[in-house]
Amino acid sequence: MENIRAAIVGGGPAGLQAAISLSKAGMTPTVFEEHPSIGQPIQCGEGLSIHAFDDFSIPIEENKLWIDLHKKCKLVFPEGRATYGDIQAYMIRRDKFDQYLAKQAINLGAEIITATKVHSIQQNSEGVILTTKGDETKRIQSNLVILAEGARAKLAQRLSFVPPSPLIYGFEYKIEGEWREELEFHFDSEKYPYGYIWIFPRKNETNIGIVTTAKERKKRLDNFLKQNNISGKILKKMGGPIPMKGPIPKLYCDNILVVGDAAGMVNPIFYGGIRMGMTSGEIAGKIGAKFLTSKKENQFYSLSNYQSEILKFKFMDEINLKCHNFFYSRSNKFLSKLGKILNNQYINRISGREKIKVLSNLLKEPGLLRHPKGLLQIYKGFKIARDWGF
Ligand SMILES: Cc1cc2nc3c(=O)[nH]c(=O)nc-3n(C[C@H](O)[C@H](O)[C@H](O)COP(=O)(O)OP(=O)(O)OC[C@H]3O[C@@H](n4cnc5c(N)ncnc54)[C@H](O)[C@@H]3O)c2cc1C
C-alpha cells in the first residue's frame, strides 16, 4: 500500500484550487482525475464573475483564459424584463481555465494523476484508504482526503454524513455567431420549470443552454431557438448534472472534507458553481494543511473549522435557498407581473428615482404585494447571485 499525506479526488476547479491551497501551505497533495486530460470534457456555460479572478489573483491579462467581458445582463420574464446592476462576468475558455489551475498546482509542488479513477473510499484508524484504477489498481493510505468529484458525488455519498443532493440537468449548444450583445436569462415556469434558458455571447459564437427539472430539454431548447430565429451552425453540444438545492449541511468528517459540486456548492438561483467551488477548495486546502501539520506535531486541530470558515460566506446564507424555493414555485403570471413592475430596472439594486418608479408600479399589482417576504427573498437572493451565481 502506498502512503500519501493528502489526496484530492477530482481535477475540476474545486479540487485544483484545493491542491493550490495545500501546496502553498507546504504540503504536496496528489490529485486523482478520472479523465485523461484536465478541462475535458467541458460541461459549462463558461460564465464567471470577475470576482473569481480577483479572489484567486488569476491574471486577467492572461487572455487565453477568457474571451469576452460582459457588463450587462438581462433577466427576461414571459412578459417584461429586469436588468442586473454592476455586473462584470467573463466568458471563459473553461478547458484552458482548468488547465491553468492545474499548471499552478503543479508549479507549487502538487502531483496530478490523470486517467485514474478512485473507486472506493474507506476510513481506518490511520486516515482513509482509497482504491484507484488507472493502468493498475492501487490501494493508497492518506491522512487527509478532499472529495472534489463533482455533482454526482458517488464516493461522498457512500459516507454516512453526505445526503444525496437533488440534481437538475443542463444542456447547451455552442452556436456559431454572436446572437446577442449581452448575457440573457429567460425564465418561464411552464416551459423551463425550476430553471431558465441562458444566452452567453462570446466572440463569433454563443453558448445557449437550458437548465430545468422538465424532461425533453433538447426539444425545449430547440423550440426556443426557433421562436427567437437563432439559426447558427451548432459547433458543440454538451450537458450535465448540477446540484440544485445548495450546500449539504455537513461538509467534513474524520480526515475527509467535501468541496465544490460534491458538497452542493452551487448557487441555487443560477446554478453556477465555479467561484463557490474554488472558494471551498481554497478554504479546505488551508484547513487541511493546518490539520496535517498539527497531526505531525501530535496536536489536535479539528476539520470542523472548514465548515465554520465556509459559513462566513454569503453563498452559504439560507436566503439563497429561500429565494430558489419562492422564485421557482411562482406562476408565469407572477413572473410577468414582476417583469412589468421592474420594467428594465435593476433587480438587485433599486435606489433613488428607480425605487419610486418600482414602488409605484408595485402598488398597482396587489397580487405581488401579498408576498412581501417572498419579494424580499428575491431581492436579496438575486443580489448574492449576481456575484456568486456564475
Ligand atoms: C451545463 C452546465 C453549465 C454550467 N455553466 C456554468 C457557468 O456558466 N458558470 C458557473 O460558474 N458554473 C457553471 N456550471 C457549474 C460548474 O460547471 C460547476 O459548479 C463546477 O464545474 C464545479 O467544479 P467541481 O470542481 O466541484 O466539479 P467538476 O468540475 O465537475 O470536477 C469534478 C472532477 O472530478 C472528476 N471525478 C469524478 N469522480 C471521480 C473519481 N471517482 N475519481 C477521479 N476523478 C473523478 C471528474 O472527471 C471531474 O473532472 C455549469 C454546469 C453545467 C452542467
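**Exercise 1. Classify Asn298 by accessibility and describe its backbone.**

Step 1. Asn298 has a relative accessibility of 74% and counts as exposed (exposed is over 50%, buried under 20%, partly exposed in between, with a 1.4 Å probe and protein chains only).
Step 2. Asn298 sits in the loop that runs between helix 5 (274-296) and helix 6 (304-310); helices are DSSP runs of H or I with at least four residues, strands are runs of E with at least two, and both are numbered from the N terminus.
Step 3. Its phi is positive, about 55 degrees, although Asn298 is not a glycine. Most residues other than glycine have a negative phi, and most peptide bonds are trans.

The model is a predicted one: local features need pLDDT of at least 70, side-chain atom pairs count only at pLDDT 80 or more, and totals for chains, interfaces and linings use all residues. Residues are numbered from 1 along each chain as its sequence is written, and side-chain values use heavy atoms, with hydrogens and water left out.

**Exercise 2. Locate Tyr194, Asn343 and Pro41, and state the backbone feature of each.**

Step 1. Tyr194 is not a glycine, yet has a positive phi of about 60 degrees. The loop holding Tyr194 joins strand 13 (183-186) to strand 14 (196-202). With a relative accessible area of 25%, Tyr194 is partly exposed.
Step 2. Asn343 comes just after helix 8 and has a positive phi of about 40 degrees.
Step 3. The bond from Gln40 to Pro41 is a cis peptide, with omega near -5 degrees. Pro41 belongs to the loop between strand 2 (30-32) and strand 3.

**Exercise 3. Describe the surroundings of Ser49.**

Step 1. Ser49 is part of strand 3 (residues 47-49).
Step 2. A relative accessible area of 2% makes Ser49 buried.
Step 3. With neighbours within four places in sequence left aside, Ser49 contacts Gln88, Ala89, Arg275, Asp387 and Phe390 (contact means heavy atoms within 4.5 Å). Of these, Asp387 is among the buried residues of helix 11.
Step 4. Ile310 is 261 residues from Ser49 along the chain, and their C-alpha atoms are separated by 19 Å.

**Exercise 4. Work out how helix 8 and helix 11 are covered, and check the span of helix 11.**

Step 1. In helix 8 (residues 332-342), eight of the eleven residues are buried, so the helix is mostly covered. The buried ones include Phe334, Leu335, Leu338, Ile341 and Leu342.
Step 2. Helix 11 (residues 372-388) also has buried residues, among them Leu375, Ile378, Phe382, Ile384 and Trp388.
Step 3. The 17 residues of helix 11 reach 24 Å from first C-alpha to last, close to the 24 Å expected; the expected span is 1.5 Å times one less than the number of residues.

**Exercise 5. Characterise the whole protein by its secondary structure, compactness and long-range contacts.**

Step 1. The secondary structure amounts to eleven helices and 18 strands.
Step 2. The radius of gyration is 22 Å against the 21 Å that the globule rule gives for 390 residues, so the protein is as compact as a globular protein of that length. That radius is taken over C-alpha atoms, and the rule is 2.2 Å times the number of residues to the power 0.38.
Step 3. Along the principal axes, the C-alpha trace spans about 70 × 45 × 40 Å.
Step 4. Buried residues account for 57% of the 390 residues.
Step 5. Of the contacts between residues at least 6 apart in sequence, 72% join residues at least 24 apart.
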